[in-house]
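Trainee: I am new to this structure and would like to go through it slowly, one question at a time. Could you answer each one with the reasoning laid out?

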Amino acid sequence: RYSMLRWPFGVLFALFAYFTRQYLSGDLAAGLVEMLENQAVKAGGFKVYEINVTSGPLDSLFYMDNMISLPENITLINNKGLPPLVLVHAFTMKAASMAMSFQPVIANRDRRVIIVELLGHGHNMLPNHTLPSLDEMLEGVVMTIDTVLPRDCHFHVLGFSLGGALSLFLLDRMPNRIKKTVLIAPTPFELVNREFTSSLYAKRALGWHNKTKIKEYFLEALGVSPNSLPPDFMMRGIQRIREKEKVPLDYWDEFFKIILVDSTKEDKKFENFLKHNSRDLGRNLKSNNAEIVIFVGERDALSKASKCIDFKLRMGDRCSLYVIPNTAHFGVAKNAGIVHSMVTEIMPMVSLILNQDPQTDSP
């Protein structure tokens, strides 16, 4: 009888040891994140596509598109008169994680949705993990859109954080094509607190290769409340995902420096776009008739609410601004003690704005 009991106990012990190892290594949580991303991609009807390009640091670019899952009568404009929607993800994200984060906005398969993948992220990593400039990232977005959509096709844009900055630049690069752009915690140069980003880089609080650095990133860069931090289980998963990507230890730190610390040194043509006498971007934005909607956290130390207010005043009535109380860049402020994220908080409003009949007024 004793020998008969040894077998099931041995199996249970082996399973316990296996799952303990999976937990400690982060493989269990990493697998869960990947599963959730894959479910969101499947639920949205997305497929990964590759296009060949003739310029830039890569020969081809990857993106996601739900075209294959749309009803036959929807090609570019859906039954509500809504044009395609282009999503541009945030720093360190990828197309699949954007699909997961904004699943409520894109869940209904009645509209063409394209999720670009930025250079230096996901499938579009550069050889030897070379870092792209903002200019190269913007060109990658433009080439993807120009290849996927006809040049006379109007579309809407949703950009989050770094994606919000690039979406704003798209208004300059593609005037009269973008009818509506929603910017969530956008980080173009003139809306960013430079002293804050410089101090983050100096402290190297952006590392993603161990739990301690990941925690610092959530707390200091994204402004997430301690009560809203992902559990240790998920921290291990994030660490494991970064390990699998096999990027250099300073990859994201130096990437952050390029786009948010020394960005004006790299891409002069984007400098000072808020000024009335700006040669290019500021003038084009003033003359562009696209509707601009901005969401920013009241206590976002990265994308400053006060600068977003200044931008709204300069843009006039065509720009709407929503300042979310007690909210930082990606979550509630440290002293708020409420568990939610910036994205979750504004999702109903974003869905309403992006899925609104083009003949009606904005809320």
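Mentor: What follows is a set of questions and answers on a predicted model, taking the sheet, then the aromatic rings, then the open and closed spaces.

Trainee: In which order do the eight strands of the open sheet lie?

Mentor: The eight strands make up an open sheet whose pairing is mixed. At its edges stand E1 and strand E8 (319–324), each with a single partner strand, so one side of each is left without a neighbour in the sheet. Neighbouring strands are turned by 20 degrees against each other on average, direction ignored. Read across the sheet, the order is E1-E2-E4-E3-E5-E6-E7-E8.

Trainee: Which residue of E4 does Leu85 stand opposite?

Mentor: E4 can be approached through its two partners, because the pairing differs in sense: E2 and E4 pair in the antiparallel sense over three bridges, while E3 and E4 run parallel and are joined by four bridges, a contrast that belongs to a sheet with mixed pairing. On the E2 side, Asp65 stands opposite Ile114 in E4. On the E3 side, the residue of E4 opposite Leu85 is Val113.

Trainee: Are the residues on the two faces of E4 buried or exposed?

Mentor: One face of E4 carries Val113 and Ile115, and the other carries Ile114 and Val116. Both faces are covered, and these four residues are all buried.

Trainee: Which residue in E7 is the bridge partner of Lys180?

Mentor: Lys180 belongs to strand E6 (residues 178–184), which pairs with strand E7 (residues 291–297) in the parallel sense over five bridges. Strand E5 (residues 155–160) also runs parallel to E6, joined to it by six bridges, and there His156 stands opposite Lys180. Six of the seven residues of E6 are buried, so this strand is largely enclosed by the rest of the structure. In E7, the bridge partner of Lys180 is Glu291.

Trainee: What is the angle between the planes of Tyr49 and Tyr63?

Mentor: A search of the whole structure finds 10 aromatic pairs, and a pair of aromatic rings is described by the distance of the centres and the angle of the planes. Tyr49 lies in strand E1 (residues 47–52) and Tyr63 in strand E2 (residues 60–65), so their pair ties together parts that are 14 residues apart in sequence. Tyr63 is buried, with a relative accessible area of 8%. The two rings are 5.6 Å apart, centre to centre, and count as stacked, the angle between their planes being 20 degrees.

Trainee: How many residues apart are Phe91 and Trp252?

Mentor: Phe91 and Trp252 form an edge-to-face pair, with 5.4 Å from centre to centre and 85 degrees between the planes. Both residues count as buried, Phe91 at 8% relative accessibility and Trp252 at 2%. Phe91 sits in the loop between strand E3 (85–88) and H3, whereas Trp252 sits in helix H10, and the pair links these distant parts of the chain, which are 161 residues apart.

Trainee: Which residues do ring pairs link into a cluster?

Mentor: The pair of Phe91 and Trp252 is edge-to-face, and both of its members belong to the cluster. Taken in full, the residues linked by ring pairs are Phe91, Tyr251, Trp252, Phe255 and Phe256.

Trainee: How far apart in space are Ala107 and Ala43?

Mentor: Ala107 lies in the loop between H4 and strand E4 (113–116), and at 36% relative accessibility it counts as partly exposed. In sequence, Ala107 and Ala43 are 64 residues apart, but in space their distance, C-alpha to C-alpha, is 6.7 Å.

Trainee: Which residues lie nearest the centre of the largest pocket?

Mentor: The largest pocket holds about 1200 Å³ of space, and the residues of its lining divide into 28 nonpolar, 13 polar and five charged. Several helices each supply at least two residues of that lining, among them helix H2 (27–43), helix H8 (211–221), helix H9 (232–245) and helix H14 (342–354). Of the 46 lining residues, those nearest the centre are Met100, Ser101, Phe218, Ile238 and Phe330.

Trainee: What is the volume of the largest cavity?

Mentor: A search of the whole structure finds three cavities of 30 Å³ or more. The largest cavity is lined by Leu85, Val105, Ile106, Asn108, Asp110, Arg111, Val113 and Asn355, which divide into four nonpolar, two polar and two charged residues. Two of these names have come up before, since Leu85 stands opposite Val113 in E4. The volume of the largest cavity is about 50 Å³.

How values were computed:
Residues numbered from 1 in each chain as written. Predicted model: local features only at pLDDT ≥ 70, side-chain atom pairs only at ≥ 80, totals over all residues. Heavy atoms only, no water. 1 Å grid on protein atoms, 1.4 Å probe; cavity = no way out; pocket = protein on both sides within 12 Å on 5 of 7 lines; lining within 4 Å. Points joined across faces, edges and corners; volume = space filled by probe spheres on them. Nonpolar A, V, L, I, M, F, W, Y, C, P; charged D, E, K, R; others polar. Phe/Tyr/Trp six-rings, centres within 6.5 Å; stacked < 30°, edge-to-face > 60°. Buried < 20%, exposed > 50% of the residue type's maximum accessible area, 1.4 Å probe, protein only. Pairing = 2+ DSSP bridges. Axes fitted to C-alpha atoms, helices over the stretch in contact; angles between N-to-C directions.
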